[in-house]
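Me: I have a model open here and would like to go through the labels attached to it. Could you take me through the reasoning behind them?

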Amino acid sequence: MTAPIRPEIAALSAYHVAPAAGMLKLDAMENPFDLPPELQAALGDRLGRAAINRYPDPQASGVQARLRQAMAIAPQYDVLLGNGSDELIQILAMAIARPGAKLLALEPSFVMYRMIATFCGLDYIGVPLNADFSLNLEAMLDAIRLQQPQLIFIAYPNNPTGNQFDAAAIEAILDAAQGLVVVDEAYHAFADDSFLSRLDRYDNLLVMRTLSKLGLAGLRLGFLIGQPRWIGELDKLRLPYNINILSQQAAEFALDHIDVFTGQAQLLRQERKRLFDALDQLPGVTPYPSQANFILARVGNACATFTALKTAGILIKNLHGGHPLLDNCLRFTVGSPAENDRVLSALPAALVNQ
Ligand SMILES: *Cc1c(COP(=O)(O)O)cnc(C)c1O
């Protein structure tokens with residue numbers, strides 16, 4: 001019997017989520033703040049009354065309307081909702097999947113672009129960043145010309161490097177690309193620039209965002225904004241009722257209180273600066289400027305420092321070995337002021353054995 005599983009799937013290892021019970025969890029860019037108690041009570045009451053015996057609104061129109069308002073999405077664009085932006089990446093990949101179809105992304109960047117390309121049988125092309133994590137425009141334009149990818153992903157700001165690429169370089173990519181270009185703004189709440197306002201200038205641009213990094217990772221809600229002719233085609237691939245009723249209700253509630261979350265994002269930006277400056281003072285540590293809610297830093301021995309912090313009950317992300325440009329790099333999610341204090345007091349000892 002021939003093995004029914006495709007060899008490229010058999011060769012994969014599943015997306016790894018590190019166990020974090022009892023740890024200070026600073027590995028996944030989650031918002032550290034709990035919902036204020038009065039909002040918890042009001043949300044509980046609302047979810048208790050949700051009609052869970054019924055299928056949810058297939059369009060999630062209440063969420064759509066509030067997102068449009070909260071994110072100032074112009075009426076001429078459509079919005080596609082996904083069970084996390086991961087699902088939207090998958091929908092985009094499925095839409096272009098045919099023999100020889102190509103998905104292009106920068107490296108290092110969000111690993112799901114490559115993984116989902118493999119899931120969907122696409123050829124994946126990774127274009128390396130420069131050593132300072134800036135975008136290598138010449139290499140990108142060469143790859144676009146030679147490979148003619150149907151789909152390009154650019155994380156803006158980029159994960160795991162935290163920087164925002166040169167906007168003019170992305171515009172040059174939009175001009176050169178024959179296919180769709182998705183600007184992934186997962187960290188929009190912490191960044192100074194966005195491509196949303198550039199949608200009217202580029203026919204092939206789609207802007208993707210998520211509520212995850214804003215403080216609602218548990219809901220799983222991502223959204224893709226673009227011209228109706230693209231969103232209309234992609235919507236055909238969305239499984240019916242992909243946003244469950246509890247997520248819809250909770251997202252509506254959260255978007256009605258968006259100020260709470262944007263206020264927290266503001267505080268995290270201040271903490272990002274404080275954490276950056278403190279890391280910069282530590283001998284042997286090179287933090288990289290970030291427009292996201294995490295900071296990438298290079299140390300003398302990432303594995304030793306990662307293990308020492310873990311022993312101290314602090315879980316961050318060790319990126320060493322993931323990509324040559326990330327040698328001895330660690331990624332710190334920006335936590336609450338008290339959490340960041342804990343990291344900063346544990347770090348000097350964790351850096352000793354390197
Ligand atoms: C975290 C992250 C996402 C995933 O978001 P979900 O909506 O939680 O699936 C997408 N893109 C980038 C660049 C991310 O870092």
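Reply: Gladly. A residue is called buried when its relative accessible area is under 20%, exposed when it is over 50%, and partly exposed in between. Please keep in mind that this is a predicted model.

Me: Why is Cys120 called buried?

Reply: Cys120 has a relative accessible area of 18%. The cut-off for buried is under 20%, so Cys120 with its 18% is buried.

Me: And why does Cys303 count as partly exposed?

Reply: Its relative accessibility is 34%. Partly exposed covers what lies between 20% and 50%, so Cys303 at 34% belongs there.

Me: How do you know that Cys303 has no bond to the closest cysteine sulfur?

Reply: The closest cysteine sulfur is in Cys329, and the sulfur of Cys303 is 11 Å from it. A disulfide needs two cysteine sulfur atoms within 2.5 Å, so 11 Å is too far for a bond. The search of the whole structure finds zero disulfides.

Me: Let's turn to a helix. What makes Leu67 buried?

Reply: Leu67 sits in helix 3, residues 61–70. Its relative accessibility is 0% and the cut-off is under 20%, so Leu67 counts as buried. Leaving out residues up to four places away in sequence, Leu67 touches Ala72, Ile73, Leu81, Leu211, Phe223 and Leu255.

Me: Why is Glu171 called buried?

Reply: Glu171 has 18% relative accessibility, under the 20% cut-off, and therefore counts as buried. This residue is found in helix 7, where Ala167, Ala169, Ile170, Ile173 and Leu174 are buried as well. The cover over the buried residues of helix 7 includes helix 6 (137–147), strand 5 (151–155), strand 6 (180–184) and strand 7 (205–210).

Me: What makes the pairing of the Glu171 side chain with the side chain of Arg198 a polar contact?

Reply: The two side chains make that contact at 2.8 Å. A polar contact has N or O atoms within 3.5 Å, one able to donate a hydrogen and the other to accept it. The value of 2.8 Å lies within that limit. Beyond four places in sequence, Glu171 touches Arg198 along with Phe195, Arg201 and Tyr202.

Me: Is Asn340 buried or exposed?

Reply: Asn340 is buried, because its relative accessibility is 1% and the cut-off is under 20%. It is found in helix 13, residues 337–350. Setting aside neighbours within four places in sequence, Asn340 is in contact with Glu271, Arg274, Leu275, Thr333, Val334 and Gly335.

Me: Thr333 brings me to the strands. Which residue is the bridge partner of Thr333?

Reply: That partner is Phe294. Strand 10 (residues 294–298) and strand 13 (residues 329–333) pair in the antiparallel sense over five bridges. In another position of this pairing, Ala297 stands opposite Leu330.

Me: How do you know that strand 9 and strand 10 pair?

Reply: Pairing takes at least two bridges between two strands. Two bridges join strand 9 (residues 286–287) to strand 10, so the requirement is met, and the strands run antiparallel. Thr286 stands opposite Arg298 in strand 10. The two strands form a hairpin with six residues between them.

Me: What makes strand 9 and strand 12 the edge strands?

Reply: Four strands form an open sheet in the order 9-10-13-12, with antiparallel pairing. Strand 9 and strand 12 (317–318) are its edges: each pairs on one side only. As for strand 10, four of its five residues are buried, which leaves this strand mostly covered.

Me: Finally, the ligand. Which residues are closest to it?

Reply: The closest are Asp184, Tyr187, Thr210, Ser212 and Lys213, from 14 residues that surround the ligand.

Me: What makes the approach of Asp184 to the ligand a polar contact?

Reply: A polar side-chain atom of Asp184 lies 2.6 Å from a nitrogen atom of the ligand. The limit for such a pair is 3.5 Å, and 2.6 Å falls within this limit. For Arg220, an N or O atom of the side chain is 2.6 Å from an oxygen atom of the ligand. In the case of Asn159, an N or O atom of the side chain is 2.9 Å from a ligand oxygen atom. The protein covers 93% of the 390 Å² of accessible area that the ligand has on its own.

Note on methods
Residues numbered from 1 in each chain as written. Predicted model: local features only at pLDDT ≥ 70, side-chain atom pairs only at ≥ 80, totals over all residues. Heavy atoms only, no water. Buried < 20%, exposed > 50% of the residue type's maximum accessible area, 1.4 Å probe, protein only. Near = heavy atom within 4 Å. Areas by Shrake-Rupley, 256 points an atom, 1.4 Å probe, with all protein chains shown as cover. Contact = heavy atoms within 4.5 Å.
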